[in-house]
Amino acid sequence: QVERAEQLAELRRQYKSIFSNTRGVSEHPYIIKKKIEHLVGVRLDWQNRLTIPMYNQYRELVGLQKILDDGTKRFGFGSQPSGAVYPIIASGVKLGQCSLIIVVEGYASGSSLYKFISAMYPDENVCVLVAFSAANLYPVYELYRAHVICCDNDETSIRAARSAPKF
């Protein structure tokens with residue numbers, strides 16, 4: 001177990017190094033296709049792939065999601081997506097201060113939903129947690145005691161939603 005902990009620590013150092021060498025993004029084919037207007041924390045790597053950090057409940061960087069020009073999504077080597085999130089939240093607001101926590105599958109959905117909800121309720125602290133996959137929606141919902149799950153309208157997402165315990 002000590003060896004596994006050391007491997008995970010080394011992977012986290014590598015993720016930090018990779019993410020620190022990314023650059024800001026304003027345009028990318030995926031951003032244009034999905035009409036993402038609210039870019040928060042997304043960066044471009046040296047191969048022009050969108051790079052989204054994945055954090056566990058202790059705010060440790062546990063992986064990176066890469067999105068290619070055509071929308072193909074890949075997790076970086078050794079990423080630990082189970083329970084991992086990317087929080088979209090107002091600057092300076094802590095998760096514990098949020099009056100509404102919403103879990104979504106992907107960054108495009110999360111970004112759009114955050115923009116819409118925060119505009120509708122400007123006095124509320126809204127947090128949208130990107131769960132990165134349908135299978136991770138309910139674990140993230142439970143782990144962060146979220147209020148709402150928003151899944152994609154596809155077979156995989158609907159199956160995952162139906163298999164989750166009723167709440």
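This report covers the confidence of a predicted model, the pairing and burial of its strands 7 and 8, and the surroundings of Gln-65.

## Basis and confidence

The model is predicted, so local features need pLDDT of at least 70 and side-chain atom pairs count only at pLDDT 80 or more, while totals for chains, interfaces and linings use all residues. Residues are numbered from 1 along each chain as its sequence is written, and side-chain values use heavy atoms, with hydrogens and water left out.

The protein chain has a mean pLDDT (the predictor's confidence in each residue, from 0 to 100) of 89. In this chain, 99% of the residues reach 70 or more. Confidence is highest in strand 8, at 95, and lowest in helix 5 (residues 155–163), at a mean of 81. Helices (H or I, at least four residues) and strands (E, at least two) are DSSP runs, numbered from the N terminus.

## Strand 7 and its partners

Strand 7 covers residues 100–104, and four of its five residues are buried, so the strand is largely enclosed by the rest of the structure. Buried means under 20% relative accessible area, with exposed over 50% and partly exposed in between (1.4 Å probe, protein chains only).

Strand 7 pairs in the parallel sense with strand 8 (residues 126–130) over five bridges; pairing requires that DSSP finds at least two bridges between two strands. The chain passes from strand 7 through helix 3 (residues 107–120) to strand 8 in a right-handed β-α-β crossover. Right-handed here means that, with the strands pointing away from the viewer, the path from the first strand over the helix to the second runs clockwise. Along this pairing, Leu-100 is opposite Val-126, and Ile-101 has Cys-127 as its bridge partner. Strand 7 also runs parallel to strand 9 (residues 148–150), joined to it by three bridges, with Ile-102 opposite Val-148.

## Strand 8

Five of the five residues of strand 8 are buried, so this strand is largely enclosed by the rest of the structure. In a regular strand the side chains alternate between the two faces of the sheet. Both faces of strand 8 are covered, with Val-126, Val-128 and Val-130 buried on one side and Cys-127 and Leu-129 buried on the other.

Strand 6 (residues 86–89) runs antiparallel to strand 8 and is joined to it by four bridges. In this pairing, Pro-87 stands opposite Leu-129.

## Gln-65

Gln-65 belongs to strand 4 (residues 61–67) and counts as buried, at 4% relative accessibility. Leaving aside residues up to four places away in sequence, Gln-65 touches Leu-50, Thr-51, Ile-52, Met-54, Lys-73, Arg-74, Phe-75 and Phe-132, where contact means heavy atoms within 4.5 Å.
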